[in-house]
Amino acid sequence: MNTNPALPVVGFIGLGIMGRSMAGHLLAAGHRLHVYNRSRDKADELVARGATWQATPGEVAVHADVVITMVGYPHDVEEVYLSADGIVARARAGAILIDMTTSSPALAARIAAAAAERGIRALDAPVSGGDIGAREAKLAIMVGGEPAAFDAALPVLQRMGTNIVLQGGPGAGQHTKMCNQIVIASTVMGVCEGLAYARDAGLDAETVLKSIGGGAASGFQLNVLGARIIKGDFAPGFFIEHFIKDMGIALAEAERMRLELPGLALAKRLFDELKAKGYGRAGTQALFKHYEK
């Protein structure tokens, strides 16, 4: 892989379903890439293409101008950023830290404050678009942080997404992602209920999708995940267990704001039931299992 020394060196931590593709786009664009993942085998392909493996997130930060994280849960984010040997403690002065995990808005603000004390800039930049968006570099990226840091990071973010918007200060990207997940929660229920109704009415689901997929009901949840449901494909583009985590964050934030969200609460209850039945690592479209007879 040919690298361009004029481009910033990027560190990427978290090489799951989405992170691996996102890091691959940066490598393909010519960035020197340092990587870390808890399961090293997930980094093998990138290392074979020219990325450099580092033993800890802190070691990634030592070598990078821009550090990107795409990990699982808020406690993972807190550990990789704020531990004694973590990213904030070891990053270069002037580095840009970009957490693309869906996480807590309050934690994003804490990371930004801790980074600022060391002369480091931090952005929270969660994404939407799932495995397809990651593979095609067409993610929507919702960013919180200072405008100057956003402007500096934008060329890197553009390697991974096409709809990249600065929403406000630290934490604003995470709040925007909560809006996204709240909309999805009720929408995916509607998709599953519509397809269950089609089944029980004796309709051909693919023919139904041809009609309603081009009307007012159209959208990713119906046209992409609905098509997977019809095929019986419940492989993850986004894990149910991670969506439950996101809904939990959103419900906690809503409670703090004294905002009642009954659709979100119902969706989380249904997904919790599916996880208890062993579907935590299935894709969110597996909610259709709730409607099976």
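This report describes aromatic pairs, nonpolar cores, one helix and several salt bridges in a predicted model.

**Aromatic rings**

The structure holds three aromatic pairs. In one of them, Phe-238 and Phe-243 meet edge-to-face, with 6.3 Å from centre to centre and 70 degrees between the planes. Phe-243 also pairs with Phe-271, and because the planes of these two rings stand at 90 degrees, with the centres 5.3 Å apart, this pair is edge-to-face. Phe-243 belongs to helix 12 (residues 240-256) and Phe-271 to helix 13 (residues 262-279), so their pair ties together parts that are 28 residues apart in sequence. Through such ring pairs, Phe-238, Phe-243 and Phe-271 are joined into a cluster.

The members of this cluster can also be described by their accessibility. Phe-271 is buried, at a relative accessible area of 0%, and Phe-243 is buried at 1%, whereas Phe-238 counts as partly exposed, at 24% relative accessibility. A charged residue takes part in another ring arrangement, in which Arg-281 lies over the face of Phe-239, at 3.8 Å from the ring centre.

**Helix 12**

Helix 12, which carries Phe-243, has 17 residues, and at 1.5 Å a residue these should span 24 Å; the C-alpha atoms at its ends are 24 Å apart, which agrees with that expectation. Of its 17 residues, 12 are buried, so the helix is largely enclosed by the rest of the structure. The buried residues of helix 12 include nonpolar side chains such as Ile-240, Phe-243, Ile-244, Met-247 and Ile-249, but Glu-241, His-242, Lys-245, Asp-246 and Glu-253 are also buried.

What do the buried residues of helix 12 pack against? Their partners are helix 4 (74-82), helix 6 (105-117), helix 9 (172-200) and helix 13. Just after helix 12, the backbone at Arg-258 takes a positive phi of about 60 degrees.

**Nonpolar cores**

The largest nonpolar core has 54 residues, and those with the most contacts inside it are Phe-12, Met-22, Ile-68, Leu-97, Ile-98 and Met-100. Helix 8 (residues 147-157) supplies the largest share of this core, with five residues. When neighbours within four places in sequence are left aside, the contacts of Phe-12 include Met-22, Ala-23, Leu-26, Leu-33, Val-35, Ile-68, Met-70 and Met-160, and among them are also Gly-19, His-34 and Tyr-36. A second, separate core has 31 residues, including Ile-244, Met-247, Leu-261 and Tyr-291; of these, Ile-244 and Met-247 are among the buried residues of helix 12.

**Salt bridges**

A search of the whole structure finds 16 salt bridges. The table gives the N to O distance for some of them.

| Side chains | N to O distance |
|---|---|
| Arg-38 and Asp-76 | 3.6 Å |
| Asp-65 and Arg-92 | 2.7 Å |
| Asp-200 and Arg-199 | 2.8 Å |

The salt bridge between Arg-38 and Asp-76 links distant parts of the chain, with Arg-38 in the loop between strand 2 (33-36) and helix 2 (44-48) and Asp-76 in helix 4, 38 residues apart. Its two ends differ in their surroundings, since Arg-38 is exposed, with a relative accessible area of 68%, whereas Asp-76 is buried, with a relative accessible area of 7%. Helix 4 is also one of the elements against which the buried residues of helix 12 pack.

The salt bridge between Asp-65 and Arg-92 likewise links distant parts of the chain, here 27 residues apart: Asp-65 lies in the loop between helix 3 (57-63) and strand 4 (66-69), and Arg-92 in the loop between helix 5 (87-90) and strand 5 (96-99). Asp-65 is partly exposed, with a relative accessible area of 29%, and Arg-92 is partly exposed as well, at 34%.

For the salt bridge of Asp-200 with Arg-199, Asp-200 is partly exposed, with a relative accessible area of 44%, and Arg-199 is partly exposed, with a relative accessible area of 33%. Finally, Glu-59, Asp-85 and Arg-90 are linked in a network of salt bridges.

Conventions
Residues numbered from 1 in each chain as written. Predicted model: local features only at pLDDT ≥ 70, side-chain atom pairs only at ≥ 80, totals over all residues. Heavy atoms only, no water. Phe/Tyr/Trp six-rings, centres within 6.5 Å; stacked < 30°, edge-to-face > 60°. Buried < 20%, exposed > 50% of the residue type's maximum accessible area, 1.4 Å probe, protein only. Helix = DSSP H or I, 4+ residues; strand = E, 2+ residues; numbered from the N terminus. Lys NZ or Arg CZ within 6 Å of the ring centre and 35° of its normal. Core = buried A, V, L, I, M, F, W, Y, C linked by side-chain atoms within 4.5 Å. Contact = heavy atoms within 4.5 Å. Expected span 1.5 Å × (residues − 1). Salt bridge = Lys/Arg side-chain N within 4 Å of Asp/Glu carboxyl O.
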